[in-house]
Amino acid sequence: MGSRNDQPSKPFADPLTLMSIPEKSELVYQGRDGLRVSDDRANILLVDDRDDKLLALQTILADLGQNLVLARSGEEALRLLLQREFAVIVLDVNMPGMDGFETAVLVRQRKSSELTPIIFISAVNYSEIHLVRGYSLGAVDYILAPIVPEILRAKVSFFVDLYKKTEQLKLQAEMQTRLVRAETARQEAETANSAKDRFLAMLSHELRMPLTPILFSASRLSKDERLPEYARKELESIAHNIQVEARLIEDLLDVARITEGKLKLNLDSADIRTLIDSALSICAENLSAKNLSIHREFEAGDPLLLADSVRLNQVLWNLLQNAVKFTPPYGQVKVRVTNPEPGWLRVEVIDTGIGISREALPRIFDPFEQVEPMRSGGLGLGLAISKAIVELHGGKISVISEGSQRGSTFVVELPTIVRESAGAGQSDGEGKVFSRPDAC
Ligand SMILES: Nc1ncnc2c1ncn2[C@@H]1O[C@H](COP(=O)(O)OP(=O)(O)OP(=O)(O)O)[C@@H](O)[C@H]1O
Ligand SMILES: [Mg+2]
């Protein structure tokens, strides 16, 4: 193997012979999915006590475009192996101190490098026994000096490819595991969620059932002239409270229907003016109890909708009830109906009430969302249900408020019926044919 450098090994200082590489951690970056993605260069460890031979190895292998890490002794090689992972080790057999064979034994003893391929560089005059010893110590290949550059490059390249393919497989396996985990978590959450929805639907249903006969009896008895006045008043109050409770439960059932996509509409032709008058009549008592003034502005020349009257009434009633609830006594509530553009109706419910802060605005259509829950009563479901109903009609609902104490305006926009003189469509009962611009 020629002359040996018997100096104790020292760290490389010469920039020619030291081709230091960043730590493994610096070679990887965080991919968009959070997985570690290699920068595509593998580490190759070159071990020889002689600088000139290391330089020769470097020159031969430079074309491979990988990270060449140099060690001038077995000890240094072992130290580097602790710090990073290598695709292959090119190890000189004949080194002073710890020789290549001894180094290989220690390399194999370490868990992190027990499978790292080792190519021994050995003198051509070594005996077969010598070679067999190398193989038994974990060599996967021998290169006999003088080195034929193409052969060394081909062998190292083979192990680099193998390493990269293995890394790729590991990465794919990790990705697969993550995907499976994420999917399992999603399925579990979905199962838990639908169990909760089923429970809510069942509970609401069971709670509502007994209310019907109680409400019926209380209402009937409250009108029974044979009963004393005070008893009838009490029964009226019972009936009223049961109605309130039934509505709360009905809202919970609606939420369950919406979540399950089971809210269905019974569509028919409807006049927005009739719907608004009907909703106002339900709120009349509450409006006058708070001395609120009510203004109606019907400016829509095209007031007909293809709608589920009961459901749309529920929307308008909820908006009016909110306006009443959140407007202090002697305030104003206005309902304005316009056609902002042909084929569309806009209903605005405007109040001079407590208004809604900028931070709360984006959330108020979410179920159970209440800006001031303690004071308003209810469950915070009215707007969430209204939104679902309006959207099922192909419309939009939105809110405008300049902020706290500055009133609110709720805007419902719905497609109107487009009248057709002939052709397919649905009869509105007056012998006319109508359809909607977009299907419901
Ligand atoms: N006109 C309004 N003025 C001020 N705040 C409002 C108005 N309408 C709704 N809000 C705010 O939005 C929240 C949600 O309204 P939503 O109608 O969904 O629920 P709720 O009226 O509190 O209860 P529920 O309708 O279930 O009886 C209300 O609690 C209130 O904080
Ligand atoms: Mg409400």
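Which helices each supply at least two residues of the shell around ligand 1? They are α10 (309-325) and α12 (382-392). This report starts from that shell and then moves to the rest of the chain.

## The model as a whole

The structure is a predicted model. Its chain holds 12 helices and 17 strands. Of the 440 residues, 26% count as buried. Among the contacts with a separation of 6 or more, 67% are between residues 24 or more positions apart in sequence.

The mean pLDDT of the chain is 84, and 83% of the residues reach 70 or more. Two stretches should be read with this score in mind. Over residues 1-38 the pLDDT stays under 50, and the model has 48 contacts beyond four places in sequence for them. Residues 421-440 also have a pLDDT below 50, and this stretch has 37 contacts in the model beyond near neighbours in sequence.

## The shell around ligand 1

Ligand 1 is surrounded by 23 residues, and the closest are F326, V371, G378, G382 and L383. Sorted by class, the shell has 10 nonpolar, nine polar and four charged residues.

L383, one of the closest residues to ligand 1, also has a contact with F365. F365 is in the loop between β12 (344-351) and α11 (373-376). Leaving aside neighbours within four places in sequence, F365 is in contact with L383, A384 and K387. F365 is partly exposed, because 18 other C-beta atoms lie within 10 Å, and a residue counts as buried only from 20 upward and as exposed only at 12 or fewer. F365 and V399 are 34 residues apart in sequence, and their C-alpha atoms are 9.4 Å apart in space.

## The largest nonpolar core

The largest nonpolar core has 40 residues, of which L305, L316 and L320 touch the most other members. Several elements each supply at least two residues of this core, including α8 (229-259), α9 (272-289), β10 (304-307) and β14 (408-415). The helix α10 gives the most, with eight residues. Domain 2 (209-259) and domain 3 (268-435) both contribute residues, so the core lies between them.

L316 touches L275, I276 and A279, not counting residues up to four places away in sequence. There is also a second, separate core of 32 residues, which includes L46, I89, I119 and V156.

## Two residues: L45 and T274

L45 is in strand β3, which covers residues 43-47. Is L45 buried or exposed? L45 counts as buried because it has 24 C-beta neighbours inside 10 Å, and 20 or more are needed. Not counting residues up to four places away in sequence, L45 touches V69, A71, A77, L80, F86 and I89. I89 is one of the residues of the second core. L45 and V88 are 43 residues apart in sequence, with 6.5 Å between their C-alpha atoms.

T274 is found in helix α9. T274 counts as exposed because it has 12 C-beta neighbours inside 10 Å, and a residue with 12 or fewer is exposed. T274 and S309 are 35 residues apart along the chain, and their C-alpha atoms are separated by 9.4 Å.

## Unusual backbone geometry

Most residues other than glycine have a negative phi, and most peptide bonds are trans. Three places in this model depart from that pattern.

Which residues does a cis peptide bond join? The bond joins A145 and P146, with omega at about 0°. P146 is in the loop between β7 (139-145) and α6 (149-208).

N291 is not a glycine, yet it has a positive phi of about 55°. N291 is in the loop between α9 and β9 (293-298). With 10 other C-beta atoms within 10 Å, N291 is exposed. F368 is not a glycine either, and its phi is positive at about 65°. The loop between β12 and α11 holds F368, and F365 is in that loop too. F368 counts as exposed, with 10 C-beta neighbours inside 10 Å.

How values were computed. Residues numbered from 1 in each chain as written. Chains lettered and ligands numbered in written order. Predicted model: local features only at pLDDT ≥ 70, side-chain atom pairs only at ≥ 80, totals over all residues. Near = placed C-beta within 6 Å. Helix = DSSP H or I, 4+ residues; strand = E, 2+ residues; numbered from the N terminus. Nonpolar A, V, L, I, M, F, W, Y, C, P; charged D, E, K, R; others polar. Core = buried A, V, L, I, M, F, W, Y, C linked by C-beta atoms within 7 Å. Domains from an automatic or database assignment. Contact = placed C-beta atoms within 7 Å. pLDDT = per-residue confidence, 0-100.
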